[in-house]
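Reader: Hey, got a minute to walk me through this one? I'd like to start with the sheet and then poke at the helices.

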Amino acid sequence: MPQCPVCQTSYAEGAIERCQTCDWDLRPYPLMVELLPDFNPRQQSQIRWAQKLWLANQHYQVQLQQLQQLQHQERDLQARSVHALLLEAIPPLSARTAALVANFPPQQRQYYHFQVISLNSQGQPQESISQTTWGYREPLSNNLGLDMVAIPAGQFLMGSPGTEAERETAEGPLHPVALSPFLIGRFPITQAQWRRVASLPRVHRSLNPNPSYFAGDNLPVEQISWQDAIEFCDRLGQSTGRPYRLPSEAEWEYACRGGTTTPFHWGETLNPELANYDGNYTYGQGPPGVYRQRTTPIETFAIANPFGLFDLHGNVWEWCADHWQPDYQGVPGDGQAWLQSDGNYRVLRGGAWYCLPNLCRSAQRHWDHVNHGGSGMGFRVACSWA
């Protein structure tokens, strides 16, 4: 069977006119062309030149394929650097965490499967990654539970760098914090959960079972003061025997970031398709979008952060245990609540449905009086390992 004089691909003589591999014209070349001494020297020269071009092209194709593989690996590494790599560095399913979760009855242990994405600088979603974490479900009634996620021990830099757009002085200086493992609510407390716990025996103060301006069982409870949130934790703890409490400010930011260092856990900006805030305004190069003008149900946005937590940017502000401080000068580095000033003003984190996007950043800090609760003020609970 003859072969193409350029690329050496075999072909059936007379069946095709041009090589199917390199497209060389095969019509002038009979089966034993290499044995013909009077074969046109000019055509021989053309073949040699074509052979060189073909070999060069093959070498280029190999290099191009290798380059594409490297680019793919680099893109994969960049995506993983925000999500998978941080989970490898601080594994939520670590042996220590597994041992701690094993303290809970098997029927209460839960695996949580979720999607994590990153946004590019224009706020467009990039590669989505499936993740799994675990914790337990605290039963509140036959059909209602409270999902708690196990957060591993770790270290992070708390606050925002001076280069972060629209940062405030209260967010600095950057400082290292080392935290012990803890548990935190997968979602903000809902109105259904609030009503159930509000029906439990009083500890220190009465609770309005329906305080929210926007009504709905799966909407986050709002119009909650700091003292209301503390009473909720006390009643829940008294009922279950577990040390429920508000997260410290350091725990909240550590849990929110999930190992990331960008303004938002999914990147340099945010998108109103992924969070509930005033979408008329933008952050960085992010896109504008809908302004919903109300709270949204807790699983409206089916994207979690790398720890498997939802609704951390926007929807409702979340109370923390700490006294308000104007900056981080003198802050302890162990992640405990900072209780060193006027206890009448406490910290809020995460932004709300009516907020500009810069107020929803991971490092952004807000405060209010312990007796005040507005239509954008709620909370999620934390729990120490018993």
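**The sheet and its neighbours**

Author: Sure. This is a predicted model, and in it six strands make an open sheet, ordered S1-S2-S3-S6-S12-S7 with antiparallel pairing.

Reader: Which strands stand at the edges?

Author: S1 and S7 (244-245) do. Each has a single partner strand, so one side of each has no neighbour in the sheet.

Reader: And what packs on the sheet?

Author: Helix H4 does, touching S2 and S3 (144-151). The direction of H4 makes about 105 degrees with that of S3.

Reader: Back to S1 for a sec. How many bridges join S1 to S2?

Author: There are 10 bridges between S1 (residues 109-119) and S2 (residues 125-141), and the two strands run antiparallel. As examples of who faces whom, Arg109 has Tyr136 in S2 as its bridge partner, and Val116 stands opposite Ile129.

Reader: What's between the two strands?

Author: Five residues, so to speak the turn of a hairpin formed by S1 and S2. Gly123 sits in that turn, with a positive phi of about 80 degrees.

Reader: OK, switching to helices. At what angle do H4 and H5 pack?

Author: About 65 degrees, with the axes of H4 (residues 191-198) and H5 (residues 226-240) 9 Å apart. Because of that angle, H4 counts as roughly perpendicular to H5.

Reader: Left-handed or right-handed crossing?

Author: H4 passes H5 in a left-handed crossing.

Reader: Which residues meet there?

Author: From H4 you have Gln193, Trp194, Val197 and Ala198, and from H5 they meet Asp228, Phe232, Arg235 and Leu236. By type, the residues in this contact divide into five nonpolar, one polar and two charged.

Reader: Last topic, confidence. What's the mean pLDDT?

Author: The protein has a mean pLDDT of 86, and 81% of its residues reach 70 or more. Over residues 31-38, though, pLDDT is below 50, and that stretch has five contacts in the model beyond near neighbours in sequence.

Reader: Where else does pLDDT stay under 50?

Author: Over residues 77-93. For that stretch the model has 38 contacts beyond four places in sequence.

Reader: Great, that's what I was after. Thanks!

Terms used
Residues numbered from 1 in each chain as written. Predicted model: local features only at pLDDT ≥ 70, side-chain atom pairs only at ≥ 80, totals over all residues. Heavy atoms only, no water. Pairing = 2+ DSSP bridges. Helix = DSSP H or I, 4+ residues; strand = E, 2+ residues; numbered from the N terminus. pLDDT = per-residue confidence, 0-100. Contact = heavy atoms within 4.5 Å. Axes fitted to C-alpha atoms, helices over the stretch in contact; angles between N-to-C directions. Parallel < 35°, antiparallel > 145°, perpendicular 65-115°, else oblique. Left-handed = near helix turned anticlockwise from the far one by under 90°. Nonpolar A, V, L, I, M, F, W, Y, C, P; charged D, E, K, R; others polar.
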